[in-house]
Amino acid sequence: MANRIEKTGQYLTFKLGEEIFGINIASVREVLKPTKITHIPAAMDFLKGVINVRGNVVPVVDLQTQFKLPHAANSQRTRVIIVESELGDSKVILGALADSVDEVIELDASQIEPAPRVGVRLDSRFILGIGKRDGGFIILLDVARVFSEEELLLVEAVATKPTGATGSYS
Amino acid sequence: MTSSLSDFISPEEMEQVHTDINDNLTALEDALLLLEKEPADGERINTVFRAMHSIKGIAGMFGMERIAEFTHHVEDVYDWVRKGRITMDKELISLTLLARDQIAALASGNPAGVQEEELQRVQTAFQVMLTPAAGHEKQKNQEPVGLSKAWPTEKTAEALYWVRFRFDLHNPIFACATSPLPYLNGLKRLGECQIIPQFDLLPELDDLDVNICYLYWDVALITDQSELDIRSEFMFIEEDLAELSIKKSPEDLAEGDWRLGRILLDQGVISPQTLAETVRQQRIGSHPEPIGALLTAADPGIAAPVVTALAGQKLVKSRQEVSGKENEVTSVRVPSAKLDLLVNQVGELVIAQARLRQLIVSMKEAYALQGVSEEITLLTENLRDSTMSIRMLPIGTLFNKFNRLVRDLASDLQKSMIMETSGGETELDKTVIEHLNDPLVHLIRNSIDHGIESPEQRIAAGKKPGGRIFLSANHAGADVVIRVSDDGRGLDPKVLRAKGIEKGLITAEQTLSPREIFQLIFAPGFSTKSSVSNLSGRGVGMDVVKKHIESLRGTLHIESVLGEGCTITIKLPLTLAIIDGFLVQTCEERFVIPLTTVRECVRLTKEEIDKAHGEQIINIRNEIVPYVRLRDLFKLRGVQPDKEQVVITEADSQRVGLVVDHVLGQSQVVIKSLGSVFRNVPLFSGATILGDGEVVPILDIGKILEQVTNSSNDVYSL
Amino acid sequence: MEANENRLVLRNRNDIDNAQELRDTLITLVKQGKGDVIVVGQAVELIDVATLQVLWSAMKTLKNRGRKLKFSDISPALQRVMEESGLEKNENDQLIP
């Protein structure tokens, strides 16, 4: 079930492939040019690795892989959006790759519709709503859902069975 | 409880007062527990008396009348004990321990913590002792109960070593850019040194081959490190040396005989006859000449060893002076927050310095800068070591606290317990020790409650009636290993398995090794005692203990033999933040290997590969060491070079070689956590940011070893 | 380095690459000169043990001929390397001036 947006908000818009997305500016810390991503093997394929942001090690997520969208080629305009989200009971800072980052726009409640069940390639659980502007659509992302613990596979099922020789409790 | 005086006291002052009282209470408790073992120890009795006296004074000054009154009686009793009018016995100790608890409750200012009745009872008990009619002439022989040994003060003592290293004259080391300087500096880092270069092999100019190092060095070194540690300083050039000798002087630094003659005798430079004769010679004549001069006059060939011995003597003398002053130990209280800030700042400095160094190395002709850069590197390393050591405390402080716990638990459960410790001088970062308290308490409680049988059961099983808990701590590579061992009934795999099936954690069809079955204990909600005793109850399970240890980036393992006991091993990384890293590269990716795990570095030649006939093993001085290529482990893409390097690493006394394309060198690295997102990544223990700004993962050698020895087919793709 | 009468001025950078040249120059000074040799260290910014070894060999060679090798104007870099290798004192345990 998508959340409803009640009031006017500011959203940072960016592109993944041909689609335009938006994130509430409150979750955005900064936008960076991409630097070398150090690959860290992880359970989820959309966790690309980590980068250095002023001395901090920040994980980087490839949203196109996470949302199962087609990739555009890496261009000059690729950016990393540094996002802050709640993870469990603490904050986490992550970077999200975007093909290009556009502008911050304001949308009030009248310009936003709830996500349709069908017709949008992206799973509706990630969508806060669809913003309408200049005849185009902006898919507004629910950051808390996109970067939730379940998504990042951090929550282990309690009754995991030990597997073979190595065992899963060591 | 407080008079109007407290209204005039600032919160900071009150805090200081509480700290003082608590310090005294700690000293009091420690002394009492030791007195249980040796009731006649006058020094300890004095300590108890003084502690009470101090508390009484402080309490009186700051308007804590109740405490003052209470302590007054105890103090009086101990004054009589001091004077021999009352005998120290088990009951008195127990009573005094109770008194200590009451004082603590009163001092905490929490009215709910004070049990009025109990307070009265104890106070009265003391008062009664002071009445002439009491006649406390108790028997001296008692059963020792809850005996515990104080943790041994086995701090490795400093000693003087004579180190000599001499290059092979057939080896043109200077042409290979080898220099003796890093090794001399390495020795300086181990302790105080006197460096005495030796010139006897140095030829005149005509015969001099500039590529050979004819100079060699005798070094007198005072250090608390072992001979092995000293030897390992020369790890990388051992093959180039014709001689590396490390001899420990048998003389005690403080009390030994450090006369020149004695030193030369110990070193084997002169014989006892020569010494005796020279001493006789010295006594003849009105102006005794120094022994050194006499010996050299008689045999000019020993001029150099005499100089060396004199240097060593000078070193020892200056050390003795310093020690004398050090024994007046002064310490300073520092709020933890300030220390943490300091550590963070040093961490940032280390990163910045690494960046600076990298920039300078790439500059041409910047010799002056390079010199300064090297100096700053050394200074930063020293600063890091000093800062880290400020935060390090011996784990014995924690072990000591458990004496009381074990004693009380044993007596409550009517079991007889001995607690022994070893390695109490092992140092850990302060915060790690604080975090270890709860898990260790829980493990000890568990042991005593569930593990140790009652005295009757033990006798029936052919064991001694008293149970034994053994706490130990030691360094192992980059980790600290802490063990909690008991000689109780041990774990029964059958029972555990049944419980596991019952709780739905495993199915009946699964076959598990004993080790895997033991690991079930760490699953949430697991508990074999049907009635949770009120001691280890409260729902604090072993899974919480495990999570706690893992939050410190540590690991937890159980071993047990049914009927004999159980050992829990905790392994924690030693420093939280800064380590020496060994940087390697394969394909385009770089990795850091903790230097403490690195044993040596060899080339992987085609011969070695062929000799192994398809197995990935290498022969190092007749030891078979398995290796794994990092490019295979992490599925890296790139052309495999003809010449690869093998870094031999060790964890848990097992070795594994890591094959890489290039070895890049050493540098200090600041450990950055990979964060909660990568929490479950097994082969990396963290990451660091190098001087060029790139994030580089730090390898977890222990986990890599597990993987290699389990010959798992998993590979991780990047 | 310049060799003038019996003065030898060390270069800015001294390591294994020019150690042989230094040795040859010193041999010349020993054979063709008389009296002591003065080594001027003012310009030294980089120096290693290989170079110091050559100098000490020269010191020994001269001593065996009743002459001395002395230092003048020791730069901080030179001082540091001498201290690190224990060569800041001569065999009578006196600091080399």
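This passage describes the secondary structure, sheets, aromatic pairs and burial in a predicted model.

Chain B contains 22 helices and 21 strands. Of its 718 residues, 46% are buried. The accessible surface of chain B is about 36000 Å², and carbon and sulfur atoms contribute 52% of that area. When contacts in chain B are restricted to residues at least 6 apart in sequence, 70% of them join residues at least 24 apart. For chain C, the secondary structure consists of three helices and six strands, arranged from the N terminus as β-β-β-α-β-β-α-β-α. Chain C has 97 residues, of which 49% count as buried. Its accessible surface amounts to about 4800 Å², with 46% belonging to carbon and sulfur atoms. Of the contacts in chain C with a separation of 6 or more, 70% are accounted for by residues 24 or more positions apart.

One open sheet of chain B is made of five strands in the order E14-E17-E18-E16-E15, with mixed pairing. The edges of this sheet are strand E14 (598-604) and strand E15 (617-620) of chain B; each has a single partner strand, so one side of each is left without a neighbour in the sheet. On average, neighbouring strands of the sheet are turned by 35° against each other, direction ignored. Within the sheet, strand E16 (residues 623-629) and strand E18 (residues 654-660) of chain B run parallel and are joined by three bridges. B:Tyr627 has B:Gly657 in E18(B) as its bridge partner. Helix H22 (residues 701-709) of chain B lies across E16, strand E17 (644-651) and E18 of that chain, and its direction is at about 95° to E18(B).

Further strand pairing in chain B involves strand E8 (residues 467-476), which runs parallel to strand E6 (residues 417-422) and is joined to it by six bridges. In this pair, B:Thr421 is opposite B:Leu471 of E8(B). E8(B) is also joined to strand E9 (residues 479-486) of chain B, here by eight bridges and in an antiparallel arrangement. B:Ala476 is found opposite B:Asp479 in E9(B). Strand E8 of chain B is thus bridged to E6 in parallel and to E9 in antiparallel fashion.

Over all chains, the structure holds 11 aromatic pairs. One of them is the pair of B:Phe165 and B:Phe234, which is tilted, with 4.9 Å from centre to centre and 50° between the planes. B:Phe165 belongs to strand E1 (residues 159-167) of chain B, whereas B:Phe234 is in the loop between helix H7 (227-233) and strand E4 (241-248) of chain B, so the pair ties together parts that are 69 residues apart in sequence. Both B:Phe165 and B:Phe234 are buried. These two residues also belong to a cluster linked by ring pairs, together with B:Phe167, B:Tyr183 and B:Trp217.

In chain C, the ring centres of C:Trp56 and C:Phe71 are 5.7 Å apart and the planes are at 35°, so this pair is tilted. The pair links distant parts of the chain, with C:Trp56 in helix H2 (residues 49-63) and C:Phe71 in strand E6 (residues 69-72) of chain C, 15 residues apart. C:Trp56 and C:Phe71 are both buried.

Individual residues were also examined for burial. In chain A, A:Phe126 is located in the loop between strand E9 (112-113) and strand E10 (127-133). The relative accessibility of A:Phe126 is 3%, under the 20% limit, and the residue therefore counts as buried. The C-alpha atoms of A:Phe126 and A:Ala115 are 9.5 Å apart in space, with these positions 11 residues apart in sequence numbering.

B:Thr688 is part of strand E20 (residues 684-689) of chain B. This threonine is buried, its relative accessible area being 1%. With neighbours within four places in sequence left aside, the contacts of B:Thr688 are B:Val592, B:Val669, B:Val670, B:Glu694, B:Val695, B:Val696 and B:Ile698.

Zero disulfides are found over all chains. Two cysteines of chain B illustrate opposite settings: B:Cys176 counts as exposed at 52% relative accessibility, whereas B:Cys213 is buried, with a relative accessible area of 1%.

Technical notes: Residues are numbered from 1 along each chain as its sequence is written. Chains are lettered from A and ligands numbered from 1 in the order in which they are written. This is a predicted model: local features need pLDDT of at least 70, side-chain atom pairs count only at pLDDT 80 or more; totals for chains, interfaces and linings use all residues. Side-chain values use heavy atoms; hydrogens and water are left out. Two strands pair if DSSP finds at least two bridges between them. Helices (H or I, at least four residues) and strands (E, at least two) are DSSP runs, numbered from the N terminus. Axes are lines fitted to C-alpha atoms, for helices over the stretch in contact, and angles run from 0 to 180 degrees between N-to-C directions. Contact means heavy atoms within 4.5 Å. Rings of Phe, Tyr and Trp (its six-membered ring) pair if their centres lie within 6.5 Å; planes under 30 degrees apart count as stacked, over 60 as edge-to-face and the rest as tilted. Buried means under 20% relative accessible area, exposed over 50%, partly exposed in between (1.4 Å probe, protein chains only). A disulfide is a pair of cysteine sulfur atoms within 2.5 Å. Accessible areas come from the Shrake-Rupley method with a 1.4 Å probe; for residues, only the protein chains shown count as cover.
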